[in-house]
Amino acid sequence: MITQAQADQLAEAWLQAWNSRDLARIMAHYADTIDFCSPFIVNLLQRPDGRLLGKPAVQAYFAQGLAKFPDLHFTLLQALPGVGSVTLLYRSVNDLLAAETMEIDAAGKICRVMAHYSATAERI
């Protein structure tokens, strides 16, 4: 079970990394075997399955996202702890409401992400 304190700590470090726009710092949070699903993948990469596997693919996607959204800034609303996972509720690009459920592996790295956004199709 992940505690609220652990969820808050992960959320703070993750948001600081994203808001720094430092790709290496962002990628440090993810496992080499990351399984990442997002509506942004469908829209930005034209991948109907919305899924990327492995750190190199996710890193390339994040680099593209950082270039496309130069004013990217995330604002945390809530970190929700679970059993082996955390869901972060935050304000994302274009002020979209976002919720990312992140599974955490034994090494403390994010190994699976399922991202959800409000009104994605209209605002990306």
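Visitor: What is the bridge partner of D35 in β6?

Guide: This is a predicted model, by the way. Strands β1 and β6 run parallel and are joined by four bridges. D35 lies in strand β1, and its bridge partner over in β6 is R112.

Visitor: And which residue meets the side chain of D35 in a salt bridge?

Guide: D35 counts as buried, with a relative accessibility of 10%. Its salt-bridge partner is partly exposed, at a relative accessible area of 35%. One of the pair lies in strand β1 and the other in strand β2, so the contact ties together parts that are 16 residues apart in sequence. With 2.5 Å from N to O, the residue that meets D35 is R51.

Visitor: Which residue forms a salt bridge with R112?

Guide: R112 counts as partly exposed at 30% relative accessibility. Its partner is partly exposed too, with a relative accessible area of 34%. The closest N and O atoms are 3.4 Å apart, and the partner is E103.

Visitor: Which residues do salt bridges with shared partners join into one network?

Guide: Take the two pairs we just went through: D35 meets R51, and R112 forms a salt bridge with E103. Salt bridges that share partners bring these residues together in one network. Its members are D35, R51, E103 and R112.

Visitor: How many salt bridges are there by this rule?

Guide: Side chains of opposite charge can pair when their charged atoms come close. The rule here asks for a side-chain nitrogen of Lys or Arg within 4 Å of a carboxyl oxygen of Asp or Glu. R91 and D95 meet that cut-off with their closest N and O atoms 3.9 Å apart. By this rule, the count of salt bridges is six.

Visitor: Where is D95 found?

Guide: D95 has a phi near 60°, a positive value in a residue other than glycine. Most residues other than glycine have a negative phi. D95 is partly exposed, at 46% relative accessibility. As for its place in the chain, D95 sits in the loop between β4 and β5.

Visitor: R21 has a positive phi as well, so in which loop does R21 lie?

Guide: Phi of R21 is near 65°, and R21 is a residue other than glycine. R21 is partly exposed, with a relative accessible area of 31%. The loop that holds R21 is the one between α1 and α2.

Visitor: What is the strand order in the open sheet?

Guide: The edges come out as β2 (51-53) and β3 (75-81), each pairing on one side only. Inside the sheet, β4 (residues 85-91) and β5 (residues 97-104) run antiparallel with seven bridges joining them, while β1 and β6 run parallel. The twist averages 20° from one strand to the next. Pairing is mixed across the six strands, and the order reads β2-β1-β6-β5-β4-β3.

Visitor: Which residue in the turn of the β5 and β6 hairpin has a positive phi?

Guide: β5 and β6 pair in the antiparallel sense over seven bridges, and in that pairing A99 stands opposite H116 in β6. The hairpin has five residues between its strands. Phi is about 85° for the turn residue you're after, G108.

Visitor: Which helix lies across β1 and β2?

Guide: Helix α1 (residues 4-20) lies across β1 (30-37), β3, β4, β5 and β6 (110-117), at about 145° to β3. The helix you want runs at about 60° to β1 and spans residues 55-68. That helix is α4.

Visitor: Which element supplies the largest share of the largest nonpolar core?

Guide: In soluble globular proteins, nonpolar side chains tend to be buried together. Here the largest nonpolar core has 36 residues, and W14, W18, Y30, F36, F62 and L88 have the most contacts inside it. Elements that each supply at least two residues include α2 (23-27), α3 (39-45) and β4. The largest share is seven residues, and it comes from α1.

Visitor: What is Y30 in contact with, leaving aside its neighbours within four places in sequence?

Guide: Y30 is among the core residues with the most contacts inside that core. W14, W18, F36 and F62 are also in that group, and each of them is in contact with Y30. The full set of contacts for Y30 is W14, W18, F36, K55, F62, K109, I110 and V113.

Note on methods: Residues numbered from 1 in each chain as written. Predicted model: local features only at pLDDT ≥ 70, side-chain atom pairs only at ≥ 80, totals over all residues. Heavy atoms only, no water. Pairing = 2+ DSSP bridges. Axes fitted to C-alpha atoms, helices over the stretch in contact; angles between N-to-C directions. Contact = heavy atoms within 4.5 Å. Core = buried A, V, L, I, M, F, W, Y, C linked by side-chain atoms within 4.5 Å. Buried < 20%, exposed > 50% of the residue type's maximum accessible area, 1.4 Å probe, protein only.
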